Amino acid sequence: MIVDQAVYRDGKRLQCGDLSDELDQLHKEKAGFLWIGLKDPTLEEFDLVKDELDLHPLAVEDAVTGDQRPKVERYPNGNLFVVMKTLSYVEETSDVETGEVMLFIGERFAVTVRRGEPAPLAPVRAALEHAPELLAHGPVAVLYSVMDAVVDNYMRIDDELADDLDRIERDVFSADRTTNVQEIYSLKREVLETRRAALPLVEPLMRMLKAGLLPKEALPFFRDINDHLLRVVDHIETYDRLLTDVLNAHLAQVSVQQNGDMRKISAWVAVAAFPTMVAGIYGMNFSGMPELTASFDIGGSEYYYGYFVVLAFIVVGCVFIYRAFKKSGWL
Amino acid sequence: MIVDQAVYRDGKRLQCGDLSDELDQLHKEKAGFLWIGLKDPTLEEFDLVKDELDLHPLAVEDAVTGDQRPKVERYPNGNLFVVMKTLSYVEETSDVETGEVMLFIGERFAVTVRRGEPAPLAPVRAALEHAPELLAHGPVAVLYSVMDAVVDNYMRIDDELADDLDRIERDVFSADRTTNVQEIYSLKREVLETRRAALPLVEPLMRMLKAGLLPKEALPFFRDINDHLLRVVDHIETYDRLLTDVLNAHLAQVSVQQNGDMRKISAWVAVAAFPTMVAGIYGMNFSGMPELTASFDIGGSEYYYGYFVVLAFIVVGCVFIYRAFKKSGWL
Amino acid sequence: MIVDQAVYRDGKRLQCGDLSDELDQLHKEKAGFLWIGLKDPTLEEFDLVKDELDLHPLAVEDAVTGDQRPKVERYPNGNLFVVMKTLSYVEETSDVETGEVMLFIGERFAVTVRRGEPAPLAPVRAALEHAPELLAHGPVAVLYSVMDAVVDNYMRIDDELADDLDRIERDVFSADRTTNVQEIYSLKREVLETRRAALPLVEPLMRMLKAGLLPKEALPFFRDINDHLLRVVDHIETYDRLLTDVLNAHLAQVSVQQNGDMRKISAWVAVAAFPTMVAGIYGMNFSGMPELTASFDIGGSEYYYGYFVVLAFIVVGCVFIYRAFKKSGWL
Amino acid sequence: MIVDQAVYRDGKRLQCGDLSDELDQLHKEKAGFLWIGLKDPTLEEFDLVKDELDLHPLAVEDAVTGDQRPKVERYPNGNLFVVMKTLSYVEETSDVETGEVMLFIGERFAVTVRRGEPAPLAPVRAALEHAPELLAHGPVAVLYSVMDAVVDNYMRIDDELADDLDRIERDVFSADRTTNVQEIYSLKREVLETRRAALPLVEPLMRMLKAGLLPKEALPFFRDINDHLLRVVDHIETYDRLLTDVLNAHLAQVSVQQNGDMRKISAWVAVAAFPTMVAGIYGMNFSGMPELTASFDIGGSEYYYGYFVVLAFIVVGCVFIYRAFKKSGWL
Amino acid sequence: MIVDQAVYRDGKRLQCGDLSDELDQLHKEKAGFLWIGLKDPTLEEFDLVKDELDLHPLAVEDAVTGDQRPKVERYPNGNLFVVMKTLSYVEETSDVETGEVMLFIGERFAVTVRRGEPAPLAPVRAALEHAPELLAHGPVAVLYSVMDAVVDNYMRIDDELADDLDRIERDVFSADRTTNVQEIYSLKREVLETRRAALPLVEPLMRMLKAGLLPKEALPFFRDINDHLLRVVDHIETYDRLLTDVLNAHLAQVSVQQNGDMRKISAWVAVAAFPTMVAGIYGMNFSGMPELTASFDIGGSEYYYGYFVVLAFIVVGCVFIYRAFKKSGWL
Ligand SMILES: [Mg+2]
Ligand SMILES: [Mg+2]
Ligand SMILES: [Mg+2]
Ligand SMILES: [Mg+2]
Ligand SMILES: [Mg+2]
Ligand SMILES: [Mg+2]
Ligand SMILES: [Mg+2]
Ligand SMILES: [Mg+2]
Ligand SMILES: [Mg+2]
Ligand SMILES: [Mg+2]
Ligand SMILES: [Mg+2]
Ligand SMILES: [Mg+2]
Ligand SMILES: [Mg+2]
Ligand SMILES: [Mg+2]
Ligand SMILES: [Mg+2]
Ligand SMILES: [Mg+2]
Ligand SMILES: [Mg+2]
Ligand SMILES: [Mg+2]
Ligand SMILES: [Mg+2]
Ligand SMILES: [Mg+2]
Ligand SMILES: [Mg+2]
Ligand SMILES: [Mg+2]
Ligand SMILES: [Mg+2]
Ligand SMILES: [Mg+2]
Ligand SMILES: [Mg+2]
Ligand SMILES: [Mg+2]
Ligand SMILES: [Mg+2]
Ligand SMILES: [Mg+2]
Ligand SMILES: [Mg+2]
Ligand SMILES: [Mg+2]
Ligand SMILES: [Mg+2]
């Protein structure tokens, strides 16, 4: 689907007429360029432009198929083909979603292809159209603006992931221990998804910077993108390590707590076992158990006190056992 | 076993006559090529062709022995020898199986060797025979087509492994916890098997791309294969990491659940211990336990109520203990 | 915010007049330099200097935005732009905090930018003003002094982290086991924060050393910084590994202790179960249990001894069980 | 100890006379070579040959001391010195044992040194003596044959380790769980021992291939050795990873089983606690417990049925509890 | 502190007179050298030599401060500065201790600096003084001898660590399981300390070998040191991996044992629960429990046998339960 299409001359946007005529004109003038914006294009839609712009069939195949690895490819005719992963973050589910942006950059044209929802390119085009001094640099300005927007977006995702990690850390180390192991795992998954988008871009971007494919004065700008990309990759690696550690810390905490619970339970079992044991003994049916009939003889009537003494003994024993466990830290 | 054998001239398939004559003819014409397809060949079968085609004895040994590491070798006579692992996926057992494809590529011939079941080469030959413009590039077209087919197949395996990982994740984090540790381990094993097929191919393919062994216009096509290969390797590494994490998450969940179960069990033990303890006390045989004979005197006849009071006390105590545990989250 | 501003001639500090005039003068004299110190500068504050000093807009953007990756950038006009992370350590919370220092180094000027609290630059300036022979080397002396101060500070943080690790180790392996899993995790986090500050500086510093950007006689001094940086990075990696091991050791200890506790508990349960079982048997209401009425007939009156024999039996049994567990190491 | 010693001319073995004369003769003829085979040689034994053959004292020291890292060293006089680890596998104990083979390769001589039992060199010499066309290539043929034999042996060890891993996997995931943690660890140890033999050889072999030390037509043969070596290293790395995973899987399984056992035990405890509790209640000595004396009056004589009803109640209760646990999966 | 000081001419040790005169003389003669040995030197002690020998102030600072990273630095005046970590092993505590050795190597002098106790240099000097042919090579002989001694010492430490690891392995897998988690962790710490001494030396030593700083005939000797260093590093990496595995194996064993203990305990609880339950039932106070009064009437007197039958029933039940658990492997 062609989303937008225009010719840019002297930093101004113009209506695009017949593709072939416009290109001839641009080549003759040696200035200005054509910018076509596509979304989820089909092979048929590409047929309209690929011959005029001399796009390589394999690049077109990649753009139509999608799900490519980030890369920068230069074809024999001098055209650049750039694939980048775009990311978006769904706040409710903390899910990172991956889309794709591809660019065909020729001397007098730029074709931008968007696959999936994340990172619409319209704001990039709008911003560029308000910066004629940037537009004047031709298609390389489109390449810079799109790459910058994509990587700036990685930095936003990076912030979101840092937030999620902070939240998980707070959960794991909070007193009420509400941690959900699945949450830790899910964040790890999203972190790896982000990593898979950002990391493979480092090497081709590095190579592009060194290969002399870009005008010299543009280099600091692309290096700036590279800095931000490397910063994201650094962070992502840290999150990955920390998530492994958080899971292990969680496991250690569960074990520590289990041990504590087991001690607490055992201490209470001991407290409860004492009365049962004593009661068992005095439930025996022996003849001649003196405690059973221990009595005072007050004014002729007998007062049996054995039961009460044993009840008191049981209570005192329980309190003693309780205190001993309290002191040893089991309770 | 010779599976197929033909001469290709001007993009058309022709019957192959005497090997030696055909080769002489092809070299004279400086066009067309011979394509021999073998399956699990023996040394004897190779003897028929190896001298005519000047195949290196070590390459022949590798082709006959099998179980080689993926590689691209160039012999002094200019011949290329390429070894690739082929993979297939058995849906029922989620098992990845490994076979091999080897190619001998000379100026006027291609010999393809298949070892094991996965990835039959017949469809590749059939597809090529329907693409005469590709065939016109000679043996390098065979090399490209076979490599493309092998790597495209890696991508299918990649998808299957991703499916299996998804299923395991769902199992691990589902409420009924049906996870089988063996399944996690088995998938890890298959992932490593896939990795062992794909990863060692990266470096020789890279080197082949840079060594100038291929015609210039073919480079983007082989780089396309390389892209796909790298994408598979990226994914495989992610699966490997995630499987480690899934196992750890499973372990953490089992520990959490064990703690929960232990608390639940202990709480019920406490609930059951109360009646036993009380009953024990009133089972003692002391003389003068006033509760035992507590009674109303209604209309001359005595109504003993002690038993019923204690029964009620037991029930109330159990309910109280139950509620306390409920509140603390142990039940 | 401009924190300080001065011109240095012949190793002496002079008042700074109009920026433009001073620079012209310095360039004419081919000696001396201007040093501007900024803190958390805004774009507006930069506007005053950036044109005079020909600072690159991307470098200015980085200095204003902050939160950049450590790097050394050289712009086409020959200016250097250096970003470093500064660290400080909060003794009470064992927290490492990150700030930033950026430097713009031109032929006749140095601009130092501080972001965040850590590592004030004033002492560095003061020290340099007392070392005229160093100042005589111009802006590169500022670069050296600031980098040296930043990296020397890393070494102090390194020492603090080593102290914290020692304390945690002592806790984990002490008898009273007061370890807090959260402490281990927190230290890991701070270690990774330190790593993220120090590690990315290694590569650009290395590159700067090799790129011939520095005067030859200055090289050993910057290599000295590099040595110290590498030493910190070595240590940090060790701490990271050891913290993983400490957590695992802690986990193993908890498991060992849990097993020990379980054995101890079970042994006591066994000791307590014996009297209960024996008492239960003699609490049965059978007619004709000879033990219940076993008696001596001394002088006509019957002495029932069964009860006392069984009491003794119970005590002896408990002691025996206790000893058996003691011997087997469960108690 | 000199194990064997011979001169090879025109692919034929000849008696070796005086060392010095033979070498002079061989150098004059510019063909043939001397092959000395040593086993655990002492410095004194080397004294006999080291001056004649101009062996470097450090190489001799290594050969006498043993326990060296695999390496390929070239000394200023052009001699090569190669150290390789040899491995053998003890079937009964699944133990890998390490020995050493060292080679001194000069223009007209080869000295092979064997340390430890594994990998006797006699079969290599025997095989070479039956392949005169190989022997004709001189000392480099000895180098090739020994390296090939050593690396071929690595492949056999590789197979054995794969077998052992398979067995351990079967044990871990079999129903009767006979796994011995020590076995897993021991295999890991042997895998690392194999790795330490094979991995350090990769880099010097690679360097030897690139350094032009070998005749051109020999390169494919040494590359073949390299292929096999890399294949072993690939496998070893996989085993190492899998063994870590097997141990973790085993740990997870033990935890899962422990949880299952705990539930089963608890369920039986609950089943047993019911009769005890009920019996306790009816063992209380209250006056006026109507159940105790519940009776039918049939034909004047009283039939007490309370006991039988309670017995039935206990049985029914136990069955009910049993069924409830069965349903919930705890039994 | 100056430990020793001498001039070496023609391989003989001579008294050292005035430093400045001696050096002039040595430079004039173009032979012999001065060797100064220092221990924990202060800046003041260095002041006496640093100008005469033209030592770089940063190198002097490093030598005085200590705690440097291993390195090889070459200063513009051609002097070499080498820092190495020395290690010693305390048998009683299995502790590795780290010291330092630094060398300043000029054309006609060697300054050796020792920091901390490990690795005294006196034996090295003594050995060199008995090897005049080595001394004749000048300061490079000192460099070689010291490096060789330091790295040879690493190998001794390596052996000690291997011993400690063996002991821990034996402990972990012995029947009585006396393992102390702290011991495993401590060894890991010492292994990492050794690693931190040895590993950073690899790269500068490699670089020194390639940079042409050494005389050609000395290269094999320094490569020999390098071999031994790499061997130590290989081993250390293996110990590090194995210690992680040992800890995990220990953890797994504790879990396995805990499960076994739990089963054993539960089985005994079941055995003990049976008599308690049966006794409870016959302790109920129902009227009309026929078992309680079951009797033979022999010769007019009643023999109550119920009690004995139930006693027998209890014993038989316990034996049956015991056997069932024995069979299932829980006991
Ligand atoms: Mg969120
Ligand atoms: Mg996602
Ligand atoms: Mg940006
Ligand atoms: Mg920007
Ligand atoms: Mg958010
Ligand atoms: Mg920036
Ligand atoms: Mg499947
Ligand atoms: Mg498989
Ligand atoms: Mg493909
Ligand atoms: Mg394709
Ligand atoms: Mg499927
Ligand atoms: Mg593609
Ligand atoms: Mg602190
Ligand atoms: Mg912090
Ligand atoms: Mg410093
Ligand atoms: Mg300093
Ligand atoms: Mg402190
Ligand atoms: Mg220093
Ligand atoms: Mg556990
Ligand atoms: Mg075996
Ligand atoms: Mg072994
Ligand atoms: Mg072989
Ligand atoms: Mg072979
Ligand atoms: Mg076997
Ligand atoms: Mg082979
Ligand atoms: Mg020791
Ligand atoms: Mg130590
Ligand atoms: Mg040595
Ligand atoms: Mg030596
Ligand atoms: Mg020892
Ligand atoms: Mg040696």
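Entry 1. I take buried to mean under 20% relative accessible area, exposed to mean over 50%, and partly exposed to mean anything in between. The model I am examining is predicted.

Entry 2. I looked up the magnesium ion (ligand 9) and found its protein donors to be D148(B) and D152(B), each through OD, at 2.1 to 2.2 Å. I then asked how D148(B) and D152(B) are placed in helix α6 of chain B. They are four residues apart in that helix, which spans residues 139-173, and therefore about one helical turn separates them. I next compared each donor with the cut-offs. D152(B) has a relative accessible area of 28%, so I record it as partly exposed. D148(B) has a relative accessibility of 17%, so I record it as buried. I also noted the magnesium ion (ligand 10), which is separated from the magnesium ion (ligand 9) by 3.3 Å.

Entry 3. I turned to the magnesium ion (ligand 27) in order to list its protein donors. They are D95(E) through OD, V96(E) through O, and E190(E) and E193(E) through OE, lying 2.2 to 2.6 Å from the ion. Along the chain I read their spacing as D-V-x93-E-x2-E. Within this set, V96(E) and E190(E) link distant parts of the chain, being 94 residues apart. I located V96(E) in strand β6 (residues 95-105) of chain E, and E190(E) in helix α7 (residues 181-210) of chain E. I entered both V96(E) and E190(E) as buried.

Entry 4. I examined the largest nonpolar core, which has 384 residues. Which residues touch the most other members of this core? I found them to be F222(A), F222(B), F222(C), F222(D) and F222(E). Helix α6 (residues 139-173) of chain A supplies the largest share of the core, 18 residues. For F222(A) I listed the contacts, leaving aside neighbours within four places in sequence: V140(A), L143(A), Y144(A), M147(A), M208(A), L209(A) and L214(A). Apart from this core I recorded another, of 97 residues, whose members include M262(A), F325(B), I314(C) and W330(D). As general background, I note that nonpolar side chains tend to be buried together in soluble globular proteins.

Entry 5. I checked V172(C), which I placed in helix α6 (residues 139-173) of chain C. Is V172(C) buried or exposed? Its relative accessible area is 0%, so I enter V172(C) as buried. I also looked up its separation from E203(C), 31 residues apart along the chain, and found 36 Å between the two C-alpha atoms.

Note on methods
Residues numbered from 1 in each chain as written. Chains lettered and ligands numbered in written order. Predicted model: local features only at pLDDT ≥ 70, side-chain atom pairs only at ≥ 80, totals over all residues. Heavy atoms only, no water. Donors = N, O, S within 2.8 Å, 3.2 Å for Na, K, Ca; no water. Helix = DSSP H or I, 4+ residues; strand = E, 2+ residues; numbered from the N terminus. Buried < 20%, exposed > 50% of the residue type's maximum accessible area, 1.4 Å probe, protein only. Core = buried A, V, L, I, M, F, W, Y, C linked by side-chain atoms within 4.5 Å. Contact = heavy atoms within 4.5 Å.
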